[in-house]
Amino acid sequence: MQEKQIIFTLLSIEKEQRRRKAGDKLAGYNVGEKVHKKQLEFHKCKKRNRWVFGGNRSGKTECGAVEAVWWARGIHPYRRNRKDVSGWIVSLSYEVQRDVAQSKFLSYLNPSWIEDVVMLSGKKGSAEYGIIDYVLIKNVFGGISKISFKSCDQGREKFQGASLDFVWFDEEPPKDVYDECRMRVLDRVGEIWGTMTPLKGLTWVYDEIYLNSKDDKEVWHEHIEWADNPFLDEGEVAALSANMDELTLSSRRYGKFCEAEGMVYKEFDQARDVIPPFDVPFEWQDNISIDPGLNNPLACLFFATDYDGNVYVVGEWYMAGKDIDFHAQHIKELAKKLNWHTDGKGRLRALIDSAADQHTLASKKSVSELFYERDILVNTNVDKQLFSGIARVKSYFAEGRLKIFSCCVNLIRELKSYWWGSGDRPIKKDDHALDALRYYVMSKPKPLKEKPAELSPIQVDKQKLIRRLKGDKK
């Protein structure tokens, strides 16, 4: 009994020390003992979509966690505070949540402020060692705030339905999760903030947050680097910097966006290869390429080829979580908008991944058969060689022979975020439009024959009539 009493007393002392430490830590941050200039700029900014791009250990997660505690408690020194706050803290995975955002959040949260903790795994009495579902926190206005923890690998569907006061992203979320969370703060005129180290290259965050912050009155960003954090040891900073190459140092110390050394399509130059849409001559129209997906995105690209052998991606359909009827309808609508050629019966022709021929338990018919029934005649005889396909696409970019219309936003996004993984293989993620691109390029598109002579107005009208009779409707 005496031994149990000793253990109980020690645990009580430890718990009290943690409580005091948490209260002292937040109080110290409030009075500026543990907050630096860049963190204060983040807290003071009045915009509703704020992002901190920081190197590792620059203090970015620190300010994100404090911001969340201030909101939950109703004690934000630079904002109009709210009662009964509802917020999400979003991490890349539950394991990362437990080790980073959750740990940092709890370190600033005095245990006496906690009304209840609901766990996904682990023991309630040792929340810092398990995975939290949500925390109920006593708000100074007499209400109860609910702060939930979410994982990006749950998928977009798990981010639907709620009405929130804030969302904090700890590291870069997938675009669809970000879009869904933006909808969640709409009702309450809530806010979003993100704290991240940009390790993935020029992703959607670079386009929509970094570049857009100059023009969008609600978007703001700042960079935090090691030198901005006066609490880091100078000797340690120097030692770490000396062991990093220039590219790694740029992102991990300075929080800068850069084209990762491991990008697959380094030859892709957005300023050169992305062009404004124009009316493509009818004779340039070549083929459609589809990478099928039902739960995953289905990507469909429309291709044209000119007399010099240059390839143009002129249209894109990209959507996840829809059935074949939905996809076929929208592909045909896009084809109509592009005045795309059809056969004599008004049917489209397209390349598609050979996996579309497979039958599943969910359907007695294959994906290719379902497309056929909807007047999209798909050809599954595609060359799916990964390395040969990547090499061919790279050569097209290197020679400046592949142009992409600016409306093909998902293809452009995937090109900028596609990088090599271990074993000299690309990371199999967000590559649906890229697969459709490979299928087409591996079909070895040929330049058009010699450019025809200029037609007279009568000849032009005659050709239009012939096409209508064939069902092209051009």
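The crossing of H2 and H3 is right-handed in this predicted model. Helix H2 covers residues 37–44 and helix H3 residues 60–73, and the two pack at an angle of about 40 degrees. Their axes sit 10 Å apart. On the H2 side, the contact is made by Gln39, Phe42 and His43. H3 answers with Glu62, Cys63, Gly64, Val66, Glu67 and Trp70. Sorted by character, the residues of this contact come out as four nonpolar, three polar and two charged.

Zooming out, the protein is built from 16 helices and 15 strands. It runs to 474 residues, and 48% of them count as buried. As for contacts with a separation of 6 or more, 70% are between residues 24 or more positions apart. The accessible surface adds up to about 24,300 Å². Carbon and sulfur atoms account for 51% of that area.

Among the buried residues there is a lysine to look at. Lys416 belongs to helix H14, which takes in residues 409–416. With a relative accessible area of just 4%, Lys416 falls under the 20% cut-off and so counts as buried. What does the side chain of Lys416 pair up with in a polar contact? The partner is the side chain of Asp207, at 2.2 Å. Asp207 also turns up in the wider list of residues that Lys416 touches, once those up to four places away in sequence are set aside. Listed with Asp207 are Lys200, Leu202, Met263, Phe268 and Gln270. Another lysine, Lys200, is thus one of the residues in contact with Lys416.

Backbone angles bring up a couple of further residues. Glu171 is not a glycine, yet its phi is positive, at about 80 degrees. Where does Glu171 lie? Its place is the loop that runs between strand S6 (166–170) and helix H6 (175–184).

Lys444 is likewise a non-glycine residue with a positive phi, here about 55 degrees. Lys444 is found in a loop too, this one between helix H15 (432–441) and helix H16 (457–470). Is Lys444 buried or exposed? Its relative accessibility is 52%, which is over the 50% mark, so Lys444 counts as exposed. The two lysines therefore fall into opposite classes: Lys416 in H14 is buried at 4%, whereas Lys444, in the loop between H15 and H16, is exposed at 52%.

Technical notes
Residues are numbered from 1 along each chain as its sequence is written. Side-chain values use heavy atoms; hydrogens and water are left out. Helices (H or I, at least four residues) and strands (E, at least two) are DSSP runs, numbered from the N terminus. Buried means under 20% relative accessible area, exposed over 50%, partly exposed in between (1.4 Å probe, protein chains only). Contact means heavy atoms within 4.5 Å. Accessible areas come from the Shrake-Rupley method with a 1.4 Å probe; for residues, only the protein chains shown count as cover. Axes are lines fitted to C-alpha atoms, for helices over the stretch in contact, and angles run from 0 to 180 degrees between N-to-C directions. A crossing is left-handed if the near helix is turned anticlockwise from the far one by less than a right angle, and right-handed if clockwise. Ala, Val, Leu, Ile, Met, Phe, Trp, Tyr, Cys and Pro count as nonpolar, Asp, Glu, Lys and Arg as charged, and the others, Gly among them, as polar. A polar contact is a pair of N or O atoms within 3.5 Å; within protein, one must be able to donate a hydrogen and the other to accept it, and residues adjacent in sequence count only if both atoms are side-chain atoms.
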